[in-house]
Each structure stands twice: as structure tokens, then as C-alpha cells.
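Okay, thanks for squeezing me in today. Have a look at the slide, and I'll walk you through the bits I found worth talking about.

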Amino acid sequence: MTNVVTYTLQGTIGVIKINNPPVNALAQVVRQGILDAVTAAQKDASEAIVIACEGRTFIAGADITEFGKPPKAPGLPEVLSAIENSTKPVIAAIHGTALGGGFEVSLACHYRCAIASAQVGLPEVKLGLLPGAGGTQRVPRVAGVKAALEMITSGNPVDAISAKKMGLIDEVIAGSDLLACALAYAGDLVESGAPLKRIRDITIDPASVEPGFFDKARKDQAKRARGQIAQDRIVSCIEAALALPMDKGLERERELFKELVTSPESAAMRHIFFAERQAAKIKDLPADTPTRSIKKVAIIGVGTMGGGIAMCFANVDIPVVMVEVNSEALNRGLGIINKNYSITVQKGKLPAEQMQKRLDLITGTTDYGAIGDVDLVIEAVFENLELKKEIFARLDKACKPGAILATNTSYQDVDAIAAATGRPQDIVGIHFFSPANVMTLLEVVRGAKTANDVLATTMLIGKKIGKVCALSRVCYGFIGNRMLGGYGREAQMLLLDGCTPEQVDSALEKFGMAMGPLAMGDLAGLDVGYKARQARTDLPDDPKLFRMGTVLVEMGRHGQKTGAGFYKYDPATRARMSDPEVESLIKAEAKNLGIEQRRISEQEIIERCLYPLINEGARILEEGIAQRSSDIDVVYVYGYAFPTAKGGPMHYADHVGLKNVYDKINEFRGRYGEQYWKPSALLEKLAAQGKTFAEWESD
Ligand code: T1G
Ligand code: NAD
């Protein structure tokens with residue numbers, strides 16, 4: 001027995017205790033330990049066995065770091081059949097999150113008890129996998145086929161009380177001392193002569209689903225899979241649970257699990273799992289860097305972004321003061337917040353009293369004097385550097401020493417904004433994505449003088465409001481928007497070369513992007529990009545550059561907000577429709593520019609849009625703007641809906657092979673010119689060395 005898994009006899013109950021921080025993942029040593037303990041318990045005086053965990057949670061799944069490596073014995077199925085075939089009742093005592101293989105361990109037990117705050121779930125689909133140790137066969141036997149399908153294809157956890165209603169948990173423990181209660185529960189089971197209740201012995205009523213149920217389920221899953229394949233395989237497993245005897249069903253599940261665990265989709269999604277956690281770590285910041293307490297927040301400007309940002313803080317019970325130029329703008333902004341919460345309540349996703357509680361936390365003013373006591377200010381006024389500098393100079397006077405002053409700018413120079421104050425160490429960029437209360441990403445922009453505790457505090461408060469944070473140094477557009485330039489440019493160049501807007505967007509959507517670049521432009525507003533380009537002085541003097549965007553804006557077609565842009569939009573459903581008028585406009589412009597149009601393959605569309613993005617990502621690494629290539633992947637997956645099943649642009653490039661990417665960029669350089677297609681030095685070097693971005697580490 002190791003100190004990771006211990007086995008003791010407490011009275012007549014054998015207790016298997018797992019202690020494998022941080023989340024008791026089922027590493028080989030844990031699997032071996034459980035197997036040894038269950039085997040030992042069969043021969044000793046115990047009358048029942050309790051499996052419990054130390055630390056913050058019950059087993060949170062298989063050890064994801066072991067995937068992609070040669071499997072080590074014992075396999076989890078072997079451990080689970082030892083539990084299930086135990087001659088003495090085995091009880092799982094659950095706290096925290098029993099997830100994936102951890103929940104499957106408990107489902108192999110004869111009984112499950114949990115504290116009320118516990119959660120259980122099978123999140124494998126979020127890693128491009130499926131429950132590979134009986135979850136797809138045991139859950140439908142207990143909770144029914146439909147509930148199992150929802151639980152396993154969504155991967156979302158279920159709280160203990162709901163799990164009890166579903167039959168997945170037998171006992172919700174009222175007390176706080178889980179082990180004591182579990183021992184008592186085990187004792188009661190022994191005393192009452194409770195049977196060895198094995199889920200595998202339950203048969204599923206074939207009439208519990210209507211004919212064609214699984215075909216419909218496959219179609220539904222395919223609609224929202226965006227390049228993921230796990231959902232489809234999960235439907236097949238649950239179908240097998242209904243059609244096959246348990247052992248055949250387990251075999252089928254294992255087969256499909258093995259297919260997924262070796263798939264590039266799952267490798268990409270596991271990459272993002274760890275990349276997200278890595279991104280939260282700032283390399284040169286000691287883990288024990290002190291943080292400042294954030295008890296009250298102010299937001300300057302209650303426009304599109306300000307309102308959503310306020311909701312993020314009110315949602316975690318932090319009071320917010322909104323500051324606007326006048327009461328009309330203030331009431332408009334507060335009105336939008338109220339409307340957004342009402343919609344969430346109407347959808348049944350938020351209790352009305354919760355809405356009121358959050359609204360009560362949000363107040364408004366036009367007086368900067370009213371924010372002297374806040375701990376954090378986030379500025380979200382018009383995207384104009386001079387205006388932002390003016391506001392920060394005012395904040396410098398109005399706010400208490402030690403308050404963090406942040407800007408939500410999308411592009412502007414955070415150091416220039418900091419220089420407008422006498423406290424540049426307290427200035428940081430906190431770049432939310434629209435809609436701010438929905439999008440998960442937060443780009444934290446580190447100024448040249450930003451203090452370590454300000455950075456550590458910003459990363460921490462970002463996690464507290466449910467965001468995934470990634471660090472960027474100061475440059476125009478930081479990581480995400482800077483890389484987007486080439487992606488958007490080529491999408492419009494492809495129109496002049498012969499594509500229709502639908503051809504460009506559907507190629508990227510088939511690749512897995514939630515929305516193609518031209519439709520995304522229509523959503524954000526073509527005028528936003530147009531104004532930003534008008535303000536820039538460093539763009540090449542090329543009549544082809546963003547030509548169609550300019551033509552459409554000057555015609556008043558600003559996108560969804562004017563009902564037409566690259567597409568026209570159904571006023572009722574907002575559905576996009578191809579517009580022959582735009583297609584003839586494109587042909588006319590191409591003719592004016594002397595461009596001979598031609599048929600263009602989907603592959604070329606994808607390469608011409610994604611490779612500039614990857615190339616700029618490599619420059620961003622070279623310049624130290626991003627700490628690691630996986631941070632860039634996190635930015636794109638959580639900020640720009642890049643498909644998780646591709647792992648982000650840098651992971652995708654590594655998957656394609658940097659030599660291939662480099663060669664293709666060079667080919668485009670030859671065809672379309674040096675100014676847009678010069679390979680970055682880092683890409684050139686790594687391609688020559690046969691290395692990957694993941695292997696490259698900044699010094
Ligand atoms: N394996 C390895 N490491 C893990 C891990 C796991 N399953 N879960 C977490 N970690 C690490 C994580 O990288 C981080 O490390 C630290 O633990 C804390 O995590 C056969 C195939 C449990 C809800 O998908 O959802 O079982 O950065 O920062 O916010 O059917 O972690 O500190 O070095 O996320 O409190 C299924 C994954 C696996 C659950 C805790 N299980 N984990 O959240 O902490 S597949 C999962 C989580 C499987 C079987 C299949 C969360 C959490 P570091 P954290 P947290
Ligand atoms: P917006 O035009 O919708 O709102 C700006 C608000 O600021 C308006 O309500 C205006 O009244 C207010 N304001 C202007 N001057 C002010 C002052 N002196 N004091 C107080 N309030 C003032 O703009 P937005 O889209 O919310 O963008 C705000 C900032 O967020 C910009 O820097 C923008 O680049 C950035 N941003 C926008 C998005 C997006 O998708 N819209 C995404 C990320 C970041």
C-alpha cells in the first residue's frame with residue numbers, strides 16, 4: 001500500500017483513502033492502490049468498504065497527463081470490476097467533484113453517498129473523449145437513456161441533490177463530517193442486510209426511447225459539434241447500452257474510447273485544458289506574489305462593453321458604480337443591464353430574486369467624486385487615446401492610493417495611458433470581449449511599469465469573475481486583435497480574387513470557426529474597422545486592402561446594425577442571406593483593380609486566412625508579447641471562437657507541420673507579395689529545425 005492510497009479497518013468497515021493532490025486523479029499509483037485495497041478487503045474482517053478522498057475533492061477523473069502515453073496496468077476497467085465483484089458492499093463517499101473516471105469508480109460501487117455541495121459528472125466530451133470505464137453503460141441503466149445522453153454529451157456536472165433524483169446518488173449526507181456519516185451509512189447497510197446492488201444488473205427498457213431516437217440524436221449532436229467527433233461516438237455507446245448485454249456494451253465503449261483518445265481532436269482539446277491553466281501563470285511572478293483586495297469596482301462608460309463588465313462583477317456579489325458623461329447615457333446603460341438580466345430570467349436561467357440582488361449591487365453616477373473608495377476602476381469609453389488619457393488623469397486625482405486603474409481598450413497604448421497618471425504602477429489593461437458578460441476570455445495587458453501585485457490581482461479577479469486570463473505585453477491590438485488583421489485582410493482579398501462571401505465564411509465554418517470572418521465583421525460593425533483603418537497611418541498604400549469593406553461602409557452597409565453588410569439580414573430572424581448586389585459589386589471592383597477572378601479551393605481559403613494569423617502569432621512570440629504559444633491558443637479559443645478541436649492556431653500549425661505552413665506562406669509570398677506574406681523569423685527557424693511552437697520556449 002502507498003501513502004497515496006491507504007487502507008484501514010475502522011470498526012467493521014474497511015476504509016480506502018486516496019490522497020493524490022491536487023484533484024486525486026486516477027494515476028497508475030492510485031489505480032494500483034485501490035485494486036490492492038479492494039483485494040485485501042475481501043480477505044479481512046471488514047463487513048463493508050468505503051472509498052473516500054483527502055483534500056478538496058473526490059476523484060476528478062483519469063490522470064489526463066497519462067493520455068497519449070503507453071497505458072500502464074492496472075487499467076481502470078480492471079479496478080472497477082474488482083469493486084463491482086466485491087463480496088462486501090462498497091460505498092463511495094463523495095465530496096467536491098466526482099468527475100469522469102472518478103464518477104465511474106463510484107458507479108461501480110454498490111452504493112454512493114455524497115455531501116450536499118458535491119457534484120458528479122462525466123466531462124470527457126470536453127476533452128474530445130467519452131467515459132471509457134463504464135460511464136456510458138451504467139448511467140443509462142440508472143438515470144435512463146435520455147438523461148444519460150444529455151449528461152454525457154454536455155459534459156456538465158450535476159449537483160448531489162439532482163443526482164439523487166436521477167438515481168445516481170443513494171444518500172445525500174446532511175452532516176459535514178463525510179467520513180463519519182459514510183461509515184454510519186455503511187453500517188446501516190450491513191445491519192439491514194442490503195444487497196450488493198450492481199448497476200450492471202439493471203436492464204434498460206427498450207421502449208424507453210421512440211424509434212429513430214438515436215438517429216435524431218446523432219443529427220442534433222452533429223449540428224453543434226463544430227469539428228468534434230466525441231458526441232457522435234457517445235450516442236453510439238448509449239445505443240449499445242440499450243441494444244447489447246453489459247460486457248458487450250463495455251467492449252464497444254472501450255473500442256470507441258480508444259479511437260478518440262488517439263484522435264487529433266482530443267489531443268487538441270487536452271492541449272487547451274492544460275493551456276488554460278498554464279495561461280493563468282505569469283512566468284516571472286512568484287506564486288506567492290501578494291494581491292490587493294477588490295471589494296468595490298467602478299466602471300467608466302456604460303456602453304456596449306461597460307454594461308456587460310458590470311454584470312460580471314455583480315454576478316459574484318461585488319458592488320459596482322457606473323460612471324457616465326450624463327444621466328441620459330447612464331440611464332440608457334443601466335436600462336440595457338436590466339434588460340439583459342430580464343432576458344436571462346425569462347429563459348429560466350436566473351431566479352428573479354437573484355436578478356434584483358445583482359441589480360441592487362449596480363449603482364450609477366456622473367460624479368467622479370463618488371468613486372474615491374473603490375479598489376478597481378475599469379475604463380470602457382470610446383476607443384480614443386486622447387480621451388482615455390484625459391480620463392486616467394481624472395481618475396488619478398479621484399481614486400484612493402492603491403486602487404487599480406484598468407483600461408478595456410482594444411488596441412491603444414496602455415503605457416501612454418499610464419503616463420497620463422502619477423501612478424503608472426497601478427495601471428493595467430483588462431481587455432474583455434463582446435458580449436463581456438458572456439465571452440470567457442480576458443486579455444490582461446502588462447504595461448512597462450505595471451506592478452507585480454497589480455498583475456497578480458488582475459489574474460485572480462479575472463478567474464473570480466469566471467474568465468480565462470491570458471497575459472499580453474503592450475503592442476497595437478495586443479495578441480488577439482493584432483493577429484486578426486491578416487485574417488480579415490485575406491478574407492476580403494479572396495473576394496476580389498473570385499470568392500463569394502458565403503464561400504469564404506462557410507470554408508472557415510466547416511473548419512470549425514463559430515462564424516466566418518465576413519459575417520463576424522457584419523456582427524461587430526464594418527464601420528468599427530473602417531474608422532480604425534482611417535485613424536491608422538502605417539497601413540500599406542494598396543487599393544485592394546480591405547477594398548470591399550470600405551465600399552460597403554461608404555454605401556451605408558455597416559453590417560447587422562444597418563440590416564446589410566457583406567450579407568443582408570432577415571429583420572425578423574437576423575438570419576444572413578447572400579446578396580447578389582454585393583456579388584456584382586465585388587466583380588465590378590475586381591475589374592476596376594484589374595484582377596482576373598478564378599475558382600478558389602476551400603483549402604486555399606483556409607490557408608490564406610489562417611496562415612497570416614499564425615505568422616503574426618510567431619512574431620508575437622518572438623517579441624515576447626505573449627509568454628508561450630499555448631497562451632495564444634487560449635486567446636483564440638476563448639476570445640475568437642477558434643475551434644477547440646483544433647487546439648488554437650499555434651497548436652493547429654504544429655499539427656499541420658511548421659515546414660508546411662512556412663512553405664505555403666512562401667508560395668503566397670511569391671504570388672501575392674512580400675508586404676503581406678513575409679514569414680516571421682521564428683517560423684522560418686523552427687521550420688528549418690523541424691521543431692514546433694510548443695517546443696519553443698521564450699528564454
Ligand atoms: N488529470 C490531471 N491533472 C488534472 C486533472 C486530471 N483529471 N484535473 C485537474 N488537474 C490539474 C490541473 O491541470 C491543475 O494543475 C490542478 O489539477 C488544479 O486544477 C476514463 C477518460 C477538478 C473541476 O475532465 O475539471 O476520466 O495547473 O486549476 O479550478 O472515463 O480541474 O495546478 O499544475 O482546474 O479547482 C475527466 C478535469 C478526465 C476533470 C478542479 N475529468 N478537471 O478545478 O482546479 S477523463 C475531467 C477539472 C476521464 C475516464 C475518462 C478541474 C476541477 P496545475 P484546476 P479547479
Ligand atoms: P460604446 O460607444 O458602446 O460606449 C462608450 C461609452 O462611454 C458611451 O456610453 C459613452 O457615453 C461613454 N463615455 C464617453 N466619454 C465618457 C466620459 N468622459 N466619461 C464617462 N463615460 C464616457 O463603446 P464600447 O463598444 O463599449 O467600447 C468601449 C471600449 O471598449 C473601447 O475602448 C473599445 O475599443 C473597447 N472594446 C470594445 C469591444 C466591442 O466589441 N465593442 C470589445 C472589447 C473592447
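Start at ligand 2, with the side chain of S410: an N or O atom there sits 2.7 Å from an oxygen atom of ligand 2. Keep in mind as I go that this is a predicted model. K388 does much the same sort of thing, with a side-chain N or O atom 2.7 Å from an oxygen of ligand 2. Then there's E383, where the side chain puts an N or O atom 2.5 Å from a ligand 2 oxygen.

So how much of ligand 2 does the protein cover? On its own, ligand 2 has 830 Å² of accessible area, and the protein covers 80% of that. Two elements give two or more residues to the shell, namely α12 (304-314) and α15 (385-398). Of these, α15 has the largest share, with 3 residues.

Zooming out a little, 24 residues surround ligand 2, and M305, E324, E383, K388 and S410 are the closest. If you sort that shell by class, you get 12 nonpolar, 8 polar and 4 charged residues.

Now step over to T409. You'll find T409 in the loop between β14 (404-407) and α16 (414-418). Is T409 buried or exposed? Its relative accessibility is 1%, so T409 counts as buried. The T409 side chain makes a polar contact with the side chain of E383, at 2.8 Å. And E383 is a name we just had, as one of the closest residues to ligand 2. Skipping residues up to four places away in sequence, T409 touches E383, K388, V414, H431 and F478.

Okay, on to the other ligand. Which residues are closest to ligand 1? Those are A62, G101, E104, R277 and K281, out of 27 residues that surround ligand 1. On the polar side, K281 has a side-chain N or O atom 2.6 Å from an oxygen of ligand 1. G132 uses its backbone instead, with a polar backbone atom 2.9 Å from a ligand 1 oxygen. And R56 has a polar side-chain atom 3.1 Å from an oxygen atom of ligand 1.

As for cover, ligand 1 has 1,000 Å² of accessible area on its own, and 76% of that is covered by the protein. Three elements each supply at least two shell residues: β5 (97-99), α3 (101-108) and α11 (264-279). The largest share comes from α11, with 3 residues. By class, the ligand 1 shell has 15 nonpolar, 5 polar and 7 charged residues.

Let me leave the ligands and talk about cores. In soluble globular proteins, nonpolar side chains tend to be buried together. Here, the largest nonpolar core has 85 residues, and V50 and I83 have the most contacts inside it. Helix α7 (residues 178-191) gives the most to that core, namely 7 residues. There's also another core lying apart from it, with 76 residues, including C475, L545, A590 and F642.

If you want to click on V50, look at who sits around it. Beyond its neighbours within four places in sequence, V50 is in contact with I13, G14, V15, I16, I91, A93, L179, A182, L183 and A186.

Last stop, a pair of aspartates. First, D631, which is in helix α25 (residues 629-639). Why do I call D631 buried? Because its relative accessibility is 0%. The side chain of D631 makes a polar contact with the side chain of R628, at 3.0 Å. Leaving out neighbours within four places in sequence, D631 is in contact with A279 and A470. Also have a look at C469: along the chain, C469 and D631 are 162 residues apart, yet their C-alpha atoms are separated by 9.0 Å.

The other aspartate is D497, in helix α18 (residues 480-497). At 13% relative accessibility, D497 comes in under the 20% cut-off, so it counts as buried. The D497 side chain makes a polar contact with the side chain of R608, at 2.8 Å. Not counting residues up to four places away in sequence, D497 touches I595, E596, Q597, R598, I600, R608 and Y672.

That's my tour, happy to spin the model around if anyone wants another look.

Conventions
Residues are numbered from 1 along each chain as its sequence is written. Chains are lettered from A and ligands numbered from 1 in the order in which they are written. This is a predicted model: local features need pLDDT of at least 70, side-chain atom pairs count only at pLDDT 80 or more; totals for chains, interfaces and linings use all residues. Side-chain values use heavy atoms; hydrogens and water are left out. A nonpolar core is a set of buried Ala, Val, Leu, Ile, Met, Phe, Trp, Tyr and Cys residues joined through side-chain atoms within 4.5 Å. Buried means under 20% relative accessible area, exposed over 50%, partly exposed in between (1.4 Å probe, protein chains only). Helices (H or I, at least four residues) and strands (E, at least two) are DSSP runs, numbered from the N terminus. Contact means heavy atoms within 4.5 Å. A polar contact is a pair of N or O atoms within 3.5 Å; within protein, one must be able to donate a hydrogen and the other to accept it, and residues adjacent in sequence count only if both atoms are side-chain atoms. A residue is near a molecule or strand if one of its heavy atoms lies within 4 Å of it. Accessible areas come from the Shrake-Rupley method with a 1.4 Å probe; for residues, only the protein chains shown count as cover. Ala, Val, Leu, Ile, Met, Phe, Trp, Tyr, Cys and Pro count as nonpolar, Asp, Glu, Lys and Arg as charged, and the others, Gly among them, as polar.
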